Amino acid sequence: MTDLDQLKTDALTRIENAPDAAALEALRIEFLGKQGSISGLMKTLGKMTPEERQVQGPLLNGLRTETADAIAVRKTMLEDAELDARLATEILDLTLPAPEAPKGSVHPVSQVMDELAEIFADLGFSVATGPEIEDEWHNFTALNMAETHPARAMHDTFYFGDNHRDADGNRMLLRTHTSPVQIRSMVENGAPIRLIAPGRVYRSDSDATHTPMFHQVEGLVIDKAIHLGHLKWTLETFLKAFFERDDIVLRLRPSYFPFTEPSVEVDVGWQDVKGRRVLGGDGDAPGHGWMELLGSGMVNTRVIEFAGLDPDEWQGFAFGVGVDRLAMLKYGMDDLRAFFDGDQRWLDHYGFSPFDQPTLSAGVGAKA
Ligand code: DAH
């Protein structure tokens, strides 16, 4: 037997008997690594005469290929064996009785939506929904945001491809806010209206406080002789019930939304006699401050017209607020992204028992 044959037999036997992945890798380095024995032999080819090389070249190449193949085969075998072993130990016995403590919990977003429904039901509001795949007429145009309106560009909209259009030729998109539900409700049910519309909305935006999908709740009241005072009272009543404190103060700031006129941005005041921070708030300044919370205003007469109602007869107010943001403020989470990670530890900590139904009498936020 030549030296080469000897080397090959040795190598293949040892590879075949490698007990695990680490041992196999050590062999690969020993034979085929940069300093490996077979690699070393390959280097000698350069110093041979052409005649020698013609004989030795194919032999050495064959040795190298056979060794590499053997390593690959052994590697697959070891991996398969490891998987089989894991499958054998990770058995789930479905005949065992269910665990004593139920594992599931209600996500804070769902809980807050239930709290909102409970609070507003008490004020005579119903809950409405709309499609998450919207057309640009409901999402923008009918809300007084014409195609050229700069506010459209601010919404970071996810559009569907240009060939996805509705029967009227409107482009389709993932709704960027819950406001289109205002239009759908007015068109479908006429007036008077008192509703909230919670749901998912989408914008191409992502950091600690923005996720591409998040939740909003829209409020809409359409009736006769509705004015800004009704809006302020409703929001104050809602926020006091939601945060379960009577010392909530609101600040209404003039603002601009295309679908409301006048528009008001609502800040919630936070203060504490001991100089501690209550609710969220900007910066670390102790004591008091204002936190921007929601957008609102009197429904623009153009929106009422777009929805097919007579603005001389009907007027109303609307508001929109982030549900995730409400949940973060009330229950003290600081990273929005964790809401959608599905991390069991986070859900165990922040989730609610299904028995923890929000009721006004027991406090909408009572946590067992
Ligand atoms: N749709 C607005 C947004 O997503 C929020 C909003 C502002 C809704 C004012 C309203 C409103 O109904 O009156 O930024």
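Here are some questions and answers about the pockets in this predicted model.

Reader: How can empty space in a protein be found, and what volume does the largest pocket have?

Author: Happy to start there! Rolling a probe the size of a water molecule over the atoms shows where empty space is left. For the largest pocket, that space comes to about 1,400 Å³.

Reader: Which residues are closest to the centre of the largest pocket?

Author: The lining of this pocket has 47 residues, so there are plenty to look through, given that a lining residue needs an atom within 4 Å of a pocket point. The closest to the centre are Gln216, Glu292, Leu293, Gly322 and Arg325.

Reader: Which element gives the largest share of the lining of the largest pocket?

Author: Several elements give two or more residues to this lining, among them helix H7 (150-153), strand S5 (213-223), strand S8 (288-299) and helix H11 (323-331). The largest share is 7 residues, and it comes from S8.

Reader: How many residues in the lining of the largest pocket are charged?

Author: Let's sort the lining by class. It has 20 nonpolar and 17 polar residues. The charged residues number 10.

Reader: Which element gives the most to the lining of the second largest pocket?

Author: This pocket has a volume of about 160 Å³, and its lining includes Thr2, Asp5, Gln56 and Glu66. Helix H1 (3-16) and helix H4 (50-89) each give two or more residues. With 5 residues, the element that gives the most is H4.

Reader: How do the residues lining the second largest pocket divide by class?

Author: Leu4, Lys8 and Gly62 are among the residues that line it. Sorted by class, the lining divides into 3 nonpolar, 3 polar and 3 charged.

Definitions and conventions. Residues numbered from 1 in each chain as written. Predicted model: local features only at pLDDT ≥ 70, side-chain atom pairs only at ≥ 80, totals over all residues. Heavy atoms only, no water. 1 Å grid on protein atoms, 1.4 Å probe; cavity = no way out; pocket = protein on both sides within 12 Å on 5 of 7 lines; lining within 4 Å. Points joined across faces, edges and corners; volume = space filled by probe spheres on them. Helix = DSSP H or I, 4+ residues; strand = E, 2+ residues; numbered from the N terminus. Nonpolar A, V, L, I, M, F, W, Y, C, P; charged D, E, K, R; others polar.
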